[in-house]
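The following exercises are to be worked with the sequence and the coordinates at hand. Each task is followed by a solution in steps.

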Amino acid sequence: MLSKIAFFETDDRPDIAADRARILPALQQHLQSSGRHTRVTAALGGTLGVCFDAEIAGEQRFLKTHLPGATARASLAKEGDLLQRLYGNTIVLERFDVPLADGTARLCLLMPALAPLAAPMQPADAAAMARECSERLNDRRPDDLPSIAQYLATAAHALKALSDRGLLEAASTAEVRRLIARLEDRLAALPEAICHGDFGPKNIMLQGAEPRVIDWEDAFCGIAGYDYLYWLTFMENRPLLQTAAFGRTGLAPDIERAILALVVLLKSYLAVCSGAYLKHAVSAQARITEILELPR
């Protein structure tokens, strides 16, 4: 989530639509140079990735590249590495550079076209999938991942920003601050894990009958159990909060509540930075209150 927050915090953002239009003919030409019949079309959506759908030699494919700059390239390279560690060569089929007219090049990941889940995932399945991913990645951690400490530092800034804007009441602000302080105090004793960072329904796809977790660009070194709690905060999963918020991560209930509050706080701040909060039907105050009042 930190990369998305950083993207919207700056006024000097690239024009994604224009960038996509500039990359498309170069990508088409690069793929056709191998002699394969290729048709590439833009795939809309996403914040940090520039994506395309493709038909290559009769096979449906998905292509993902990045915005300009070394940081964006490194983020996509990290995503490719993590996908390869999880799924071997079944998700990242190829990675290559696409040369552009200005002399730069973009890293591109070629992947199979995946399908959305056929039905909503149940909490036990989501918890198991998040745990499995973390366990499979824990023995091969990249060195350059953001840390949970960076999330906590951003949370302090986010809490002040929402409070100053009148989007959080004083009592809620104080309680969230207390929970985050509790999380900081306990951090050294909590189990570490590589966390996806955006473990949500749209990032869990099917390859045939097998679920795959994609879009690892926000991966960070965090707390085991974080991803499952993050999954619960999506709007479609909110009805599950009352029954599934506690007891599935191995963490103490006060730490689970603190992580839920942290996630909702950062999501609310991201919505403010992007302007999306103006269209939200549920306010930041209402979402935070929901977490603070969850029965144990």
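**Exercise 1. A salt bridge between a loop and a helix**

Is R22 buried, partly exposed or exposed, and what is its relative accessible area? Determine also the salt-bridge partner of R22 and the location of both residues.

Solution. The model is a predicted one.

Step 1. The relative accessible area of R22 is 39%. Buried means under 20% and exposed means over 50%, so R22 with its 39% is classed as partly exposed.

Step 2. The partner is D102, and the closest N and O atoms of this salt bridge are 3.2 Å apart. The cut-off for a salt bridge is 4 Å, so the pair D102 and R22 qualifies.

Step 3. R22 belongs to helix α2, whereas D102 sits in the loop between β4 and β5; the two are 80 residues apart, and the pair links distant parts of the chain.

Step 4. D102 has a relative accessible area of 48% and is likewise partly exposed.

**Exercise 2. The sheet and its helices**

In what order do the strands of the five-stranded open sheet lie, and which helices pack on them?

Solution.

Step 1. The order is β1-β2-β3-β5-β4, with antiparallel pairing. The edge strands, each paired on one side only, are β1 (38-43) and β4 (94-99). From one strand to the next, the twist averages 30 degrees.

Step 2. Six bridges join β4 to β5 (residues 105-112) in the antiparallel sense. C108 in β5 is the bridge partner of F96.

Step 3. Helix α2 (residues 16-32) packs on the sheet and touches β1, β2, β3, β4 and β5. The direction of α2 makes about 160 degrees with that of β1. Helix α3 (residues 70-87) lies across β3, β4 and β5 and runs at about 25 degrees to β5.

**Exercise 3. Geometry and environment of α6**

Which span should the 17 residues of helix α6 have, and how far apart are its end C-alpha atoms? Identify the residues of α6 that are buried and the elements they pack against.

Solution.

Step 1. Helix α6 covers residues 170-186, and at 1.5 Å a residue it should span 24 Å. Its end C-alpha atoms are 25 Å apart, which agrees with the expectation.

Step 2. The buried residues of α6 are S172, T173, V176, L179, I180 and L183. Seen down the axis of α6, they fall within an arc of 130 degrees, so they line one face of the helix.

Step 3. These buried residues pack against α5 (148-164), β10 (220-223), α9 (253-274) and α10 (284-292). The face turned away from the buried side carries the exposed residues A170, A171 and D185.

Step 4. A salt bridge joins R182 to D254, with the closest N and O atoms 2.7 Å apart. R182 in helix α6 and D254 in helix α9 are 72 residues apart. Both are partly exposed: the relative accessible area is 33% for R182 and 22% for D254.

**Exercise 4. A buried pair within a network**

Which parts of the chain does the salt bridge between D218 and K4 tie together?

Solution.

Step 1. The closest N and O atoms of D218 and K4 are 2.5 Å apart.

Step 2. K4 lies in helix α1 (residues 2-9) and D218 in the loop between β9 (210-213) and β10, so the pair ties together parts that are 214 residues apart in sequence.

Step 3. Both D218 and K4 are buried.

Step 4. The structure holds 17 salt bridges. A network of salt bridges links K4 and D218 with K64, E79, D198, D215 and E217.

Conventions:
Residues numbered from 1 in each chain as written. Predicted model: local features only at pLDDT ≥ 70, side-chain atom pairs only at ≥ 80, totals over all residues. Heavy atoms only, no water. Helix = DSSP H or I, 4+ residues; strand = E, 2+ residues; numbered from the N terminus. Expected span 1.5 Å × (residues − 1). Buried < 20%, exposed > 50% of the residue type's maximum accessible area, 1.4 Å probe, protein only. Arc of directions from axis to C-beta. Contact = heavy atoms within 4.5 Å. Pairing = 2+ DSSP bridges. Axes fitted to C-alpha atoms, helices over the stretch in contact; angles between N-to-C directions. Salt bridge = Lys/Arg side-chain N within 4 Å of Asp/Glu carboxyl O.
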